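Work through these exercises with the structure open beside you. Try each task before you read its solution.

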Amino acid sequence: MKHVLIIGGYGNFGRFISQTLARETDIQLTIAGRSKEKADTLAAELQISPIAQGYQLDIRKPLTEHLRHLQPDIVIHTSGPFQRQGYGVAQACIEYGAHYIDLADGREFVSNITTLNKTAQDNNVLIVSGASSVPGLTSAIVDKYLPEFGHLESLDYGITTAQKTTRGLATTASILGYTGKPVETLTAGKTDTIYGWQGLSARKYPQLGWRLLGNCDIPDLAIFPTRYPGLKNMRFYAGLEIPLIHISLWLLSWGVRTGLIKDLSSSAATLLRLSFLFDWLGTANSGFHMLMSGTDHYGNDKEICFELTARSGDGPYIPCMPAILLTRKLIANQVSQRGAQPCTGLISLEEYLSALSEMDISWSVTD
């Protein structure tokens, strides 16, 4: 039996990961966070697990003694926002000798995890950052369809969220942290500067209709130009279901860009509470699209579009899948890599979609 420690295990993403891994018969589960009461309450609800326990732990304080006490084989770190964190949790895992997986969405945090590669290799552990939709799912999609292109030139993709789903403070603070601020991406093969939550556009999603979109900063924008060296153009967007909320954030982004507002992340709690007032106007349905463009092996223009629709509030579970799948693979000794890396090349698209097939989620591919 392997011991899995989930930091933030009772939060929005951590709860689903805890509930899913608790069904595994070969896992001893520790649900950890700053609230012992919340951790104990969820552990008590998961009595289908052979062993599930709550534990109080604060990542702002040294973790080494906690790890020596708990003796986990794998640590899953879900407590964001990661943009404001260092690599203290990952470094403690390397020092102790536990594999580490985080759900980070911060561009620098995920792309720079490779600075820990040497020490992780020396200690024979795997350190994975960005075990989330980006770049976990997005790299799996590109890896799947890349062989069909002679030259993959452009990636245009995005996520439109549902109003009636759980929304965490950490994710909200993360998005607000780059709203209105410069974001580097690729345009015509050169580094270009765009601005967070600007580039206002609209796209029609299957089963959802038209949704507004704006520029977002994600780890892919730093990782993919190296992973897929022929790329010349990259755009990633995100959108909110209620147009009034999306437009309001777009207007606030101009306030940040022009210097009238210094930073929106400090207002995350207030803006998150306000957003819940509009839940009655929305649905529990979200979507994702990725348009891959370039030429085929004969030099002809080629496009492949992958689209995914999540209903019944199942969209927020999609970012949880890489951590769940990687944990299962590590326990089954199906992952031989050691070192520190972003979550790319570790999970196939088939594995990802198979895990999603039990939910109210469907997808299609057009060529």
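**Exercise 1: A helix and its buried side**

In helix H10, Ile245, His246, Leu249, Ser253, Gly255 and Val256 are buried. The model is a predicted one. Work out how these residues sit around the axis of H10, and check the length of the helix.

*Solution.*
- Step 1. Take the arc. The buried residues cover only 165° around the axis, so they lie on the same side of H10.
- Step 2. Find what they face. The buried residues of H10 pack against helix H8 (169-178), strand S11 (209-215), strand S12 (233-239) and helix H11 (268-276).
- Step 3. Check the length. H10 (residues 243-257) has 15 residues, and at 1.5 Å a residue it should span 21 Å. Its end C-alpha atoms are 21 Å apart, which agrees.
- Step 4. Look past the end. Gly259 follows H10, and its phi is positive, near 90°.

**Exercise 2: A strand among its neighbours**

Decide how strand S2 pairs with S1 and with strand S3. Then say why S2 counts as largely enclosed.

*Solution.*
- Step 1. Start with S1 (residues 2-7). Six bridges join S1 to S2, and the two run parallel. Val4 has Leu29 in S2 as its bridge partner.
- Step 2. Follow the chain. From S1 it passes through helix H1 (residues 12-21) to S2, a right-handed β-α-β crossover.
- Step 3. Turn to S3 (residues 51-56). S2 and S3 also pair in the parallel sense, over six bridges. The bridge partner of Gln28 in S3 is Ile51.
- Step 4. Use burial. Six of the seven residues of S2 (residues 27-33) are buried, so the rest of the structure largely encloses this strand.

**Exercise 3: An open sheet**

Find which strands stand at the edges of the seven-stranded sheet.

*Solution.*
- Step 1. Write down the order: S10-S11-S12-S7-S13-S14-S16, an open sheet with mixed pairing.
- Step 2. Read off the edges. Strand S10 (201-205) and strand S16 (361-366) each have a single partner strand, so one side of each lacks a neighbour in the sheet.
- Step 3. Add the turn. Neighbouring strands of this sheet are turned by 25° against each other on average, direction ignored.
- Step 4. Inspect one pair. S13 (residues 286-295) and S14 (residues 301-310) run antiparallel, joined by ten bridges. Met292 has Ile304 in S14 as its bridge partner.

**Exercise 4: A loop residue**

Is Thr344 buried or exposed?

*Solution.*
- Step 1. Locate Thr344: the loop between strand S15 (339-342) and helix H13 (349-356).
- Step 2. Apply the cut-off. Buried means under 20% relative accessible area. Thr344 has 11% relative accessibility, so it counts as buried.
- Step 3. List contacts. Not counting residues up to four places away in sequence, Thr344 touches Pro135, Ser139, Ile223 and Arg227.

Key. Residues are numbered from 1 along each chain as its sequence is written. This is a predicted model: local features need pLDDT of at least 70, side-chain atom pairs count only at pLDDT 80 or more; totals for chains, interfaces and linings use all residues. Side-chain values use heavy atoms; hydrogens and water are left out. Buried means under 20% relative accessible area, exposed over 50%, partly exposed in between (1.4 Å probe, protein chains only). Helices (H or I, at least four residues) and strands (E, at least two) are DSSP runs, numbered from the N terminus. Two strands pair if DSSP finds at least two bridges between them. A crossover is right-handed if, with the strands pointing away from the viewer, the path from the first strand over the helix to the second runs clockwise. The expected span of a helix is 1.5 Å times one less than its number of residues. The arc is that of the directions from the helix axis to the C-beta atoms. Contact means heavy atoms within 4.5 Å. Axes are lines fitted to C-alpha atoms, for helices over the stretch in contact, and angles run from 0 to 180 degrees between N-to-C directions.
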